[in-house]
Structures are given as C-alpha cells and as structure tokens.
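The following exercises concern the reading of a protein model. Please examine the sequence and the structure before attempting each task, and compare your reasoning with the worked solution.

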Amino acid sequence: MTRSTRALIESMYEENGPKMSDPVRDFLETITFAEPEDILSAVRDVTAEDWTAIPVWARNLAYRLVCLQRPDDPGLLREAAADLFSFGPDWDEVAEGLGARAAHLEN
C-alpha cells in the first residue's frame, strides 16, 4: 500500500503525468464520507440503467466502503461478491471470502 501511495504521489507531480479529472476527484471526495445507503442507492440506480457504466475501480471502492460500514450484512456481502465475480478472476478470492463470511453470518 505504501508503494502504491508513493507512486500515486509521484505521478501527480510529474510534469506530463496523469491528472485527476474533476469528476473523479468529486466522486472520491463524495464517496469517502457518504452513508452506506447513499452509496448503495447510487450504485444500484446507475447499474439499473447501464450495468457496465461505473468503472470497475469505482464499483470496487463503493462496495468496499459499504461492506466496511456494514460488515454483518450477509445480503450486502453476497451482492458485493457477485459484483466482484462479474469482473474477472482478479478479485475472485476476495469475492469467495465475502461469500464465506455471509454464509458464516447466516449460520
């Protein structure tokens, strides 16, 4: 995590480095302090209109933040796991862990 953080900092100050767009910055600032219900509502509303509209990194962040705020909600954990499974094998282990935690909570 520290290495990624340092790489982010360095890239933001490079002369021709990537710049964060205003909508991305606004999204990150808003989601950081949003209530879980507001995050879920936004994700569900947008995905109902266009299931692939939200960038994967934003979906992952949204579900991660909500799961951290509601760690004992098996339905939410299953929803987050299903979303992770939808985007390739990179997150399958995390999704399996969420599913296992949901099953444990229900038993």
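Five exercises follow, each with its solution; the model is a predicted one.

**Exercise 1. The chain as a whole**

Task: State how many helices and strands the chain has, and determine what percentage of its residues count as buried.

Solution.
Step 1. Count the elements: the chain contains six helices and zero strands.
Step 2. Write them in sequence order, which gives the pattern α-α-α-α-α-α.
Step 3. Consider the extent of the chain: its C-alpha trace spans about 55 × 30 × 25 Å along the principal axes.
Step 4. Turn to burial: the chain has 107 residues, and 25% of them count as buried.
Step 5. Examine the contacts with a separation of 6 or more: residues 24 or more positions apart account for 52% of these.

**Exercise 2. Helix α4 and its surroundings**

Task: Check the span of α4 against the expected value for its 14 residues, and identify which of its residues are buried.

Solution.
Step 1. Locate the helix: α4 comprises residues 56–69.
Step 2. Compare the lengths. At 1.5 Å a residue, 14 residues should span 20 Å, and the end C-alpha atoms of α4 are 20 Å apart, so the two values agree.
Step 3. List the buried residues of α4: Ala58, Arg59, Asn60, Ala62, Tyr63, Val66 and Cys67.
Step 4. Recall a general rule. An α-helix has 3.6 residues a turn, so residues three or four places apart point the same way.
Step 5. Find the cover: the buried residues of α4 are covered by elements including α2 (22–32), α3 (36–49) and α5.

**Exercise 3. Two neighbours of α4**

Task: Decide whether α2 and α4 are roughly parallel or roughly antiparallel, and do likewise for α4 and α5.

Solution.
Step 1. Choose the quantities. Two packed helices are described by the angle between their axes and the distance between the axes.
Step 2. Take the pair α2 and α4: their axes come within 11 Å and cross at roughly 10 degrees.
Step 3. Apply the cut-off. Angles under 35 degrees count as roughly parallel, and α2 and α4 are therefore roughly parallel to each other.
Step 4. Name the residues in this contact: α2 supplies Val24, Phe27, Leu28 and Ile31, while α4 supplies Trp57, Ala58, Leu61, Ala62 and Leu65. By class, nine are nonpolar, with no polar and no charged residues.
Step 5. Take the pair α4 and α5: the axes come within 10 Å and cross at roughly 160 degrees. Angles over 145 degrees count as roughly antiparallel, and this description therefore applies to α4 and α5. The crossing of α4 with α5 is left-handed.
Step 6. Name the residues of the second contact: Arg59, Asn60, Tyr63, Val66 and Cys67 come from α4, and Leu76, Leu77, Glu79, Ala80, Asp83 and Leu84 from α5. They divide into seven nonpolar, one polar and three charged.

**Exercise 4. The pair α5 and α6**

Task: Describe how α5 and α6 pack by giving their angle and the distance between their axes, and state the handedness of their crossing.

Solution.
Step 1. Locate the helices: α5 covers residues 74–85 and α6 covers residues 92–106.
Step 2. Read the geometry: the angle is about 160 degrees and the axes are 8 Å apart.
Step 3. Classify the pair: α5 and α6 are therefore roughly antiparallel, and their crossing is left-handed.
Step 4. Inspect the contact: among its residues are Pro74, Leu77 and Arg78 of α5 and Leu98, Ala102 and Leu105 of α6. The full set divides into twelve nonpolar, one polar and five charged.

**Exercise 5. Three individual residues**

Task: For Asn60, Ala102 and Thr47, decide whether each is buried or exposed, using the cut-off of under 20% relative accessible area for buried.

Solution.
Step 1. Asn60 lies in α4. Its relative accessible area is 18%, so Asn60 is buried. Beyond neighbours within four places in sequence, Asn60 is in contact with Leu84 and Trp91.
Step 2. Ala102 lies in α6. Its relative accessibility is 0%, so Ala102 counts as buried. With neighbours within four places in sequence left aside, Ala102 is in contact with Pro74, Leu77 and Arg78. Ala102 and Leu76 are 26 residues apart in sequence, and their C-alpha atoms are 8.4 Å apart in space.
Step 3. Thr47 lies in α3. Its relative accessible area is 16%, so Thr47 is buried. Not counting residues up to four places away in sequence, Thr47 touches Ile54 and Arg59.

Terms used
Residues are numbered from 1 along each chain as its sequence is written. This is a predicted model: local features need pLDDT of at least 70, side-chain atom pairs count only at pLDDT 80 or more; totals for chains, interfaces and linings use all residues. Side-chain values use heavy atoms; hydrogens and water are left out. Axes are lines fitted to C-alpha atoms, for helices over the stretch in contact, and angles run from 0 to 180 degrees between N-to-C directions. Helices (H or I, at least four residues) and strands (E, at least two) are DSSP runs, numbered from the N terminus. Angles under 35 degrees count as roughly parallel, over 145 as roughly antiparallel, 65 to 115 as roughly perpendicular and the rest as oblique. A crossing is left-handed if the near helix is turned anticlockwise from the far one by less than a right angle, and right-handed if clockwise. Contact means heavy atoms within 4.5 Å. Ala, Val, Leu, Ile, Met, Phe, Trp, Tyr, Cys and Pro count as nonpolar, Asp, Glu, Lys and Arg as charged, and the others, Gly among them, as polar. Buried means under 20% relative accessible area, exposed over 50%, partly exposed in between (1.4 Å probe, protein chains only). The expected span of a helix is 1.5 Å times one less than its number of residues.
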